[in-house]
Amino acid sequence: MAEILVACNIFEGKTSLEERDERNETERLLVHGLPPEIAPALRTYRIRVLFVGLRQMHVPRCRTTKKSRVLITLGDASIMSGLSGTAYGSSANFPEGYENCSVRLPVNPNYWPWMILKHIDCTDEKRVKTIGNAIVNASELLVDSTDSSKSATRESTIIEITQEDADGTQLPWNVANQHPLNIAYHWTNARDMIKKQVETLNATARKSSNSVETENLELTWWTKFYNSQQLRNSQKHSLEIYDKELENVPEFSGFKDWSGNYPLQKVKRRKKTAFVKQVYGAVKCQIQISSLAKTPNQTAIPLERQLSPISNLLEIVVIVYVVQALNLTSRDIMSESDAYIVLSYGNQRVRDRAFYIPNQASPVFGRRFEMRGMLPRDQILHLSVYDRDFASSDDLIGSTTIDIEDRFRSKHLPSFGLPRHYSSRGYNKWRHQLKPSEMLLKICEQHGVEKPRIKGGKITVGGQEFEADVSLDGNECQTEQLCLLALNNLKHVANGFPLTPEHVETRSLYHPRRSGIEQGKVQLWIELYRPDEPHPLPLDITPQPPKPHELRLIVWNTADVMLNERNIFGTEMSDIYVKCWLQEFTEAQYTDVHYRSLTGEGNFNWRMVFPFRYSPADGMLVIRRRKAFYEQYDTELKYPPVLTVQIWDNDAFSADDFLGTMELDLTRLPVPASSPDACKQLPQSLSLTGSGSGTGSLLNLFVRRRVRGWFPVHGSSNASGSDATDQHGGVSLTGKIDLELEILSHEDATQNPVGVGRKPPQNLPEPLRPEVSFNWLRQPAKTFNKLLWPRVRKSFIWIGMVVLLCLLIYGLVVNVPTVFMVRSLEQRRSFESVSSEG
């Protein structure tokens, strides 16, 4: 319902019949009320429609409709489809073939009217009813009339390689019957081939020497996945991880290249004045609007070549690889969800409840599901994530839907992702039964592209030349590598289009009762094929369980540690000890204390043992424990394999003082220095990661297994004793530590046990420490004998002599008058006695 406000002027026109016939388009518009200044210029356009069918007809009345048509109107033009055929479930197809008509429309698409698609019930020929309609913006269906071949030729993509030129080789159409090596190589003799392989191996060795050592561990698909997820450059092979649904990637245009999907709406009146629009299905058809005034050089690819027959039922196989879920909303009050996967496709329903992941917000599934269906009957794949409960029914966390028909019929081939590099073995092995050369020839034949030609290390497809950006692997077929390169760059070919790379898409999960609120994400990819056609081989993506390992760390010595305290005599000193942990801070281990280090040197000979579980695929430490006492299952936590080493100063009556720290990534360990003088800090690295010898090379301790050397320790530059020349942004070199690191598997550790600290078995010798290195609170007599007496001995002697001298003087001062008095009294008595006798 709508209202329009119009102002009209009525006047009498005096024109002859001949003048009316010769009236141009502008005059006609003028009669209808448009002045010539604003009257748009018109052009003839062609509407080309391929009616595919009706899909997802959920309303019961629509399901009972046996015959129906779709009427498309745009301006004064209309196109009617044929009668729909046999209904397959909630879907029905129209007769194949294109319908065309022409229409006069303004040159500016902004002035175009809306296109209306009407769904008409033709079951009863006497009573034709309109069930619903769809409104489409016609300007979005306009096909650009520019010559795409010329633009594609100008935008050439050339990637250089180092490969000797050979004679031009054109791929034969029966390439599948020939041996790949007969096409790929044209060696003049065996000596050239051996020389080429040696050069390739030397180049690979030089390239790997400057990076992290290649892991000798078992490499699987998960290695490629985590390599792409963590943006590592240490591995060659990777895949594309999309953070959105695959159909929402801009370069694929929703996989609507073969047919558009237009929802059909039906207006219902629930109240006297309320109208509700209800979507009851969709019509699929390919609509192209193009101008009849095209360039003569333009070559359009007929759509019939891109489409397989759609009038009959088509059996397909759907392979769903569910990798993991991310940030699932918990349906439990006291813990995370116990998630599992439920798939529904056609008449099949897979409930993977037995393989639920307990108590995880981001569970890793690693599951492969195989289902079969019929197109167009089974069009939509439903994937749901449920929370497993014991006392009640399972709760739905969220679900997502995937249009299988769009993916199966799209020219972008999302049914199989192309890897970046070709390999005939290993975890990046080519999985499709068709080789890249066969696949390229098939695509060129379907879309009318010129046959590919190979000359040396270059391949030409459709007049576009491609070269690899790196040297081709001499151990693999050169033809297959170049053909895969051309497939990955097919969008640069004239009239080309991008093909889907090897990928993992991320789909959002939604709950029907929480519309529009994301309940988490799920990462997966889908492969589609017909049972009677070549298809990808199955892939095992079962997650690798973490393997138990044991890290044995020996702290031998420290040097040049910052002196943080002064004793009662004013001498700088530190009571040094080392603190280390691998997984969590609460599991830290300590050495004993080297008391009274006057030069920053510490001697420990102390062994620490850290058992842990390591996942080689993602390079993470895995811990399973309960977060709270009320949880029923353990929670899986992941930490990077980083060893933290800290040096502290022990204090008896106050908190210990922090001197420095260092973090060592066990998978990217810096090469340690052989001596304390060679251990230094790199100016360009301001992190607290030990830089070792400063050569910049890294090693993987899980490959090397054992390493020993000196590592730098960094701390705050505000502390006393730090050298200003070693300061970088508030961080300075505060010490050096001699460590020995060794990683053993659980079996090797069990067969070769060791003790912690200096305990047996394989006990370490006692360190050679100075005599003054002991705890003064526990040994007071030794403290006086070793610390105080050597420093106060001379003072005590001088004090004793002074005391004796003072006592002597005091004795003289006190006793001399008494002696004189006694002697004077004795003389007086003797004189009196003589006088009395006389």
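Colleague: Which residue just after helix 9 takes a positive phi, and of about what value?

Modeller: This is a predicted model. The residue sits just after helix 9. Its phi is positive, at about 65°, and the residue is Gly 448.

Colleague: Is helix 9 mostly covered or mostly open, and how many of its residues are buried?

Modeller: Helix 9 spans residues 436-446. Its buried residues include Pro 436, Met 439, Leu 440 and Cys 444. Helix 10 (478-488) and strand 20 (458-461) are among the elements covering them. The helix is mostly covered, with buried residues numbering eight of eleven.

Colleague: Which strand gives the most to the largest nonpolar core?

Modeller: That core has 34 residues. Elements giving two or more residues to the core include strand 24 (547-559), strand 29 (602-615) and strand 37 (731-745). The top contributor, with six residues, is strand 29.

Colleague: Which residues does Leu 553 touch, leaving out those up to four places away in sequence?

Modeller: Leu 553 is one of the core members that touch the most other members. Sequence neighbours up to four places away are not counted. The contacts are Cys 580, Trp 606, Arg 607, Met 608, Phe 610, Leu 643, Leu 739, Glu 740 and Leu 741.

Colleague: Why can Val 814 be called partly exposed?

Modeller: Val 814 lies in helix 13 (residues 780-837). Val 814 also belongs to a nonpolar surface patch, along with residues including Leu 805 and Phe 820. Partly exposed covers the range between under 20% and over 50% relative accessible area. Val 814 qualifies because its relative accessible area is 38%.

Notes. Residues are numbered from 1 along each chain as its sequence is written. This is a predicted model: local features need pLDDT of at least 70, side-chain atom pairs count only at pLDDT 80 or more; totals for chains, interfaces and linings use all residues. Side-chain values use heavy atoms; hydrogens and water are left out. Patches are made of residues with over 30% relative accessible area and no salt bridge: like charges are joined within 9 Å, nonpolar side chains (Val, Leu, Ile, Met, Phe, Trp, Tyr) within 5 Å. Accessible areas come from the Shrake-Rupley method with a 1.4 Å probe; for residues, only the protein chains shown count as cover. A salt bridge is a side-chain nitrogen of Lys or Arg within 4 Å of a carboxyl oxygen of Asp or Glu. Helices (H or I, at least four residues) and strands (E, at least two) are DSSP runs, numbered from the N terminus. Buried means under 20% relative accessible area, exposed over 50%, partly exposed in between (1.4 Å probe, protein chains only). Contact means heavy atoms within 4.5 Å. A nonpolar core is a set of buried Ala, Val, Leu, Ile, Met, Phe, Trp, Tyr and Cys residues joined through side-chain atoms within 4.5 Å.
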